[in-house]
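Colleague: Please take a close look at the largest pocket of this model for me, and then set it beside its neighbourhood in the chain. I'd like the cut-offs spelled out as you go.

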Amino acid sequence: MSTTASSSLPALHIWPGQWGLSSFDPLCLAAVLHLQIAIPGKFTVTETSNPDSSPTGQLPFLVHGQHTVTSFPSIIKYVAGLRNAEYNTYPEADLDVHLTPRERSQRTAWFANAESHLGDLVYHSLYSNQDNWTKLTAAALGTMYPVPQKYYVPRRIRDSYHLRLAAAGLWQPFVEDPEKSKESPFSKEAKPPTKEELAKNPSLARAFDKQKAC
């Protein structure tokens, strides 16, 4: 590893925290927890609500000197490699150093299964379930952006999960409540002003006089 990389701490870039968690995104949260165990106190965390800051447009990603590592599995692999590259600084970086080759293969298979199937369920809950999206996820994302981004960026983020969840059969198009769609924006109980009300409000009376003249 280069001297430049050795002279700086790894910087983990993640989605901001919500609901008392370090990050609202499952993979970002997993990355934070992993680094806290593998290299405690020897990394920094940078919150960002701009996924375009990542080379792949996805969070989390790790920057260490001249190295930029994207995707959660790649981050885990890179951090584990710090044990051999800089043992004096990161002696416990490889949490799986004691696993046998067979156990490492099983770990890789289990992670792929969990990320694929359990990850789909988590993202379904966050982005495809209409109640969760409306009352929880969209509201949380909206607090991360100024106007006007808060009105369209959360929807763009949700749409980015469309293909993945649709392929898993977990995408649910939002359905508008037919009763609400029939409701008039004007109150059904609205009544024209009485003569007494017109007498008390000259401006309102003039408006009605003009309407009658038309």
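Modeller: Happy to! The protein chain has ten helices and four strands (DSSP runs numbered from the N terminus, H or I of at least four residues for helices, E of at least two for strands). From the N terminus on, their order is α-β-α-β-β-β-α-α-α-α-α-α-α-α. The model is predicted, so local features need pLDDT of at least 70 and side-chain atom pairs count only at pLDDT 80 or more, while totals for chains, interfaces and linings use all residues. Residues are numbered from 1 along each chain as its sequence is written, and side-chain values use heavy atoms, leaving out hydrogens and water.

Now to your pocket. On a 1 Å grid over the protein atoms alone, a pocket is an open set of points where a 1.4 Å probe fits, with protein on both sides within 12 Å along at least five of seven lines; lining residues have an atom within 4 Å of a point. The largest pocket has a volume of about 540 Å³, counted as the space filled by probe spheres set on points joined across faces, edges and corners. Its lining holds 16 residues, with P73, I76, K77, D96 and R107 nearest the centre. Both α3 (72-85) and α4 (101-128) supply at least two lining residues, and α4 gives the most, six. By type, the lining has nine nonpolar, two polar and five charged residues (nonpolar: Ala, Val, Leu, Ile, Met, Phe, Trp, Tyr, Cys and Pro; charged: Asp, Glu, Lys and Arg; polar: the others, Gly among them).

The second largest pocket makes a useful companion, at about 440 Å³. It is lined by 20 residues, of which G57, Q58, L59, S160 and Y161 lie nearest its centre. The helices α3, α4 and α6 (149-159) each give two or more residues to this lining, which divides into ten nonpolar, five polar and five charged.

That brings us to α6, whose buried residues are V153, P154, I157 and R158 (buried means under 20% relative accessible area with a 1.4 Å probe, protein chains only). Down the axis of α6 they fall within an arc of 140°, so they line one face of the helix; the arc is that of the directions from the helix axis to the C-beta atoms. These residues pack against α4, α5 (130-142) and α7 (162-167), with contact meaning heavy atoms within 4.5 Å. For the chain as a whole, 31% of the 214 residues count as buried.

How values were computed. Buried < 20%, exposed > 50% of the residue type's maximum accessible area, 1.4 Å probe, protein only.
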